[in-house]
Amino acid sequence: MVRHFYRLRMRTFAAALRQHSRREMLQTIRFQYSLKQLGNELKSSDKRCIAA
């Protein structure tokens with residue numbers, strides 16, 4: 001019986017870890033995308049300033 005609860009608890013813990021790491025991965029991807037967009041905006045605004 002104790003072994004059953006231990007396995008159940010470890011399974012829940014592992015699932016929470018996977019969900020947490022997935023959330024972190026998605027945040028990292030969003031952050032990288034935002035940085036890329038910001039870089040593109042800076043490049044385009046820099047080109048406009050040079051052209052003007």
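Me: Before counting anything, what counts as a helix or a strand here?
Reply: Both are DSSP runs, numbered from the N terminus. A strand (E) needs at least two residues. For a helix (H or I), the minimum is at least four residues.

Me: So how many helices and strands does the protein chain have?
Reply: Keep in mind that this is a predicted model. F13 sits in helix α1, which covers residues 2-51, and F31 is found in helix α1 too. The tally for the protein chain is one helix and zero strands.

Me: What radius of gyration does the protein chain have?
Reply: Start with the C-alpha trace, which spans about 75 × 5 × 5 Å along its principal axes. Within the chain, the C-alpha atoms of F31 and D46 are 15 residues apart in sequence and separated by 22 Å. A compact globule of 52 residues would come out near 10 Å, but this protein chain has 23 Å.

Me: Is F31 buried or exposed?
Reply: Buried residues make up 0% of the 52 in the protein chain, and the cut-off for exposed is over 50% relative accessible area. F31 has 53% relative accessibility, so F31 counts as exposed.

Me: Which residues make the nonpolar surface patch of about 430 Å²?
Reply: The protein chain exposes about 5400 Å², with carbon and sulfur atoms supplying 61% of it. F13, from helix α1, is one of the patch residues. The full set is Y6, M10, F13 and L17.

Conventions
Residues are numbered from 1 along each chain as its sequence is written. This is a predicted model: local features need pLDDT of at least 70, side-chain atom pairs count only at pLDDT 80 or more; totals for chains, interfaces and linings use all residues. Side-chain values use heavy atoms; hydrogens and water are left out. Patches are made of residues with over 30% relative accessible area and no salt bridge: like charges are joined within 9 Å, nonpolar side chains (Val, Leu, Ile, Met, Phe, Trp, Tyr) within 5 Å. Accessible areas come from the Shrake-Rupley method with a 1.4 Å probe; for residues, only the protein chains shown count as cover. A salt bridge is a side-chain nitrogen of Lys or Arg within 4 Å of a carboxyl oxygen of Asp or Glu. The radius of gyration is taken over C-alpha atoms; the globule rule is 2.2 Å times the number of residues to the power 0.38. Buried means under 20% relative accessible area, exposed over 50%, partly exposed in between (1.4 Å probe, protein chains only).
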